[in-house]
Amino acid sequence: MAASRLSFRNITALAPMVRVGTLPMRLLALDYGADLVYCEELIDIKMAQCHRVVNEVLETVDFVAPDERVMFRTCEREKDRVVFQMGTSDPDRALTVARLVEKDVAAVDVNMGCPKEYSTKGGMGAALLSDPDKIEAILKKLVTGLSIPVTCKIRILPSLEETLSLVQRIERTGVAAIAVHGRMKEERPRHPVHCDYIQAVAQAVSIPVIANGGSLDLVKTNGDIEEFRKAAGTSSVMLARAAMWNASVFSNQGPLPVETVMEEYLKYAIQYENNAFNTKYCLCQMLRDKVESPLGKQVQAAQTIAEISEAYRLQELYQQTQERLQARRDVLESSSQPDRLVMDGDVTTMAVKFERREYPPQITPKMFLLEWSRKEKLEQPLYEMVQRSQDRAFQSTVTIAGKKYRSSLWEKSKKFAEQAAAIVCLRVLGIPEGRIGEEDSGLVCKRKREAKMNGITEEEGIKKRHVAEQETDNSKMAAVANGDHHKPDTPPE
Ligand SMILES: Cc1cc2nc3c(=O)[nH]c(=O)nc-3n(C[C@H](O)[C@H](O)[C@H](O)COP(=O)(O)O)c2cc1C
């Protein structure tokens, strides 16, 4: 299990960075030698609305919001190395979100250092530093409720005494490590880092301490990391800006030219269909004072990954990747074995499509499922829709009696996606689905009997039920697709 393999001692980590710490940057940091990679801070309220989607084309696991954006994308390669950082001020919500990602990440971290107003006004980030009871409640809830390590990232408090008292209280919650950004919440990133505070923290607790805040004055190259480690008195360090500017800072082979690093970054962005605006932001950070150069201007003007690829002369790779992904999509669709059950988390899936011609006019699997649920006195089926960005196709998950069912195949229309989900459910439960050739099934016979008793033709009866179904159907649409979530205008801490 990831928990047992993960160590927070003697490590160099990619620090959490909003907009920067998405999958391409994390993989790049791992390539260059980072031991652990933190994702950007993700807010619990937004994450709690996400669906976990296995993306078989990209070979990733995506957490997708109702507004079609991929909030968090991860893959097998980083599973034992990625720390999921969340912004939270609520223990229950924190646990809900942590459980959602638990099997896909190596650890969960709580951000207690962000001084930006949008974070502190919700009681999150640095606001937590003045509410140690809340800190304790959140961390204890996570530590007891999760099978993976829990950590937190703090800033130092105005006095050493307060800082030490806080970290000792944090240690008692059972967290696996604590990252300390050696600045107070009022201090700006350009202010010198207080290595003496970090040193004192490292001596006051027995859990690993990860020193942070050294990018500007201490760490410029890989060799400087050791100096920072010594100055902070910790075995582990975490780098934000130094890594954002040139991720090869993690490599002990010496720094690579930033042009090479940008190219490698973009290759991952292409491979994992990273959001274009997020990709642009990262490249502009790497360009730094060259952001107004011809290349910088081309990057800034680009609206899509295709256009960014052109700026870096990577359009051929972009085209090839698109073709490869499309080919994989086609293979997956054609090789899916019908009627084979596969569990995707708590969802039972089967590769089925709704073929209209297989059903009599006006008869649909959804109607059969609704009718069955009424007969069984269950709540009526609830349909939730997702949409993927690459081809705008739909997939629906139906929940009935607390169980979820979905077709692993994607449909071009929302209606067909719901019918496919209903078919999966009916087949798994062994209930007739109304297909031609099922005429003798219990439900169909019952319908015929009811129609006779009511003196109406079977077709009229079906129509009546269909109208009733339309009226009461409380299908819920949660369209999702690839994209980056809405970000604040200024990066947080
Ligand atoms: C662009 C950017 C985004 C950041 N986003 C986060 C974040 O999401 N969570 C967090 O805990 N800190 C965040 N930080 C703060 C860094 O993790 C780090 O604490 C700070 O930059 C000091 O480290 P450094 O000197 O290595 O840059 C961010 C910093 C930058 C530059």
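The following paragraphs describe the ligand site, the nonpolar core and several individual residues of a predicted model. Local features were considered only at pLDDT of at least 70 and side-chain atom pairs only at pLDDT 80 or more, whereas totals for chains, interfaces and linings use all residues. Residues are numbered from 1 along each chain as its sequence is written, and side-chain values use heavy atoms, with hydrogens and water left out.

The ligand is surrounded by 20 residues, of which Val-18, Gln-85, Asn-212, Ser-215 and Arg-241 are the closest; a residue is taken as near the ligand if one of its heavy atoms lies within 4 Å of it. By class, this shell comprises 9 nonpolar, 7 polar and 4 charged residues, where Ala, Val, Leu, Ile, Met, Phe, Trp, Tyr, Cys and Pro count as nonpolar, Asp, Glu, Lys and Arg as charged, and the others, Gly among them, as polar. At least three residues of the shell come from each of domain 1 (12-254) and domain 4 (458-493), the domain bounds being those of an automatic or database domain assignment.

Polar contacts with the ligand (pairs of N or O atoms within 3.5 Å) involve both backbone and side-chain atoms of the protein. A nitrogen atom of the ligand lies 2.8 Å from a backbone N or O atom of Val-18, and a ligand nitrogen is found 3.3 Å from an N or O atom in the side chain of Asn-111. An oxygen atom of the ligand is 3.4 Å from a polar backbone atom of Gly-214. Of the 600 Å² of accessible area that the ligand has on its own, 95% is covered by the protein, as computed by the Shrake-Rupley method with a 1.4 Å probe.

The largest nonpolar core, a set of buried Ala, Val, Leu, Ile, Met, Phe, Trp, Tyr and Cys residues joined through side-chain atoms within 4.5 Å, holds 116 residues, among which Met-47, Phe-84, Leu-142 and Tyr-312 touch the most other members. Here buried denotes under 20% relative accessible area, exposed over 50%, and partly exposed the range in between, with a 1.4 Å probe and protein chains only. Helix α11 (residues 258-271) gives the most to this core, with 8 residues; helices (H or I, at least four residues) and strands (E, at least two) are DSSP runs, numbered from the N terminus. Because domain 1 (12-254) and domain 2 (257-335) both give residues to this core, it lies between them.

Helix α16 (residues 365-375) is mostly covered, with 9 of its 11 residues buried, including the charged residues Lys-366 and Glu-371 as well as Phe-368 and Trp-372. Ser-309, placed in helix α14 (residues 305-311), counts as buried because its relative accessibility is 0%. The C-alpha atoms of Ser-309 and Glu-263 are separated by 9.2 Å, although the two residues are 46 apart along the chain.

Most residues other than glycine have a negative phi. Against this background, Lys-377, just after α16, takes a positive phi of about 55°. Glu-59, in the loop between β4 (51-55) and β5 (60-64), has a positive phi of about 60° and, at 54% relative accessibility, counts as exposed. Arg-288, in the loop between α12 (276-287) and α13 (294-301), has a positive phi of about 45° and counts as partly exposed at 42% relative accessibility. Lys-220, located in the loop between β11 (209-212) and α9 (222-232), is exposed at 57% relative accessibility, and its C-alpha atom is separated by 9.4 Å from that of Asn-246, 26 residues away along the chain.

How values were computed
A polar contact is a pair of N or O atoms within 3.5 Å; within protein, one must be able to donate a hydrogen and the other to accept it, and residues adjacent in sequence count only if both atoms are side-chain atoms.
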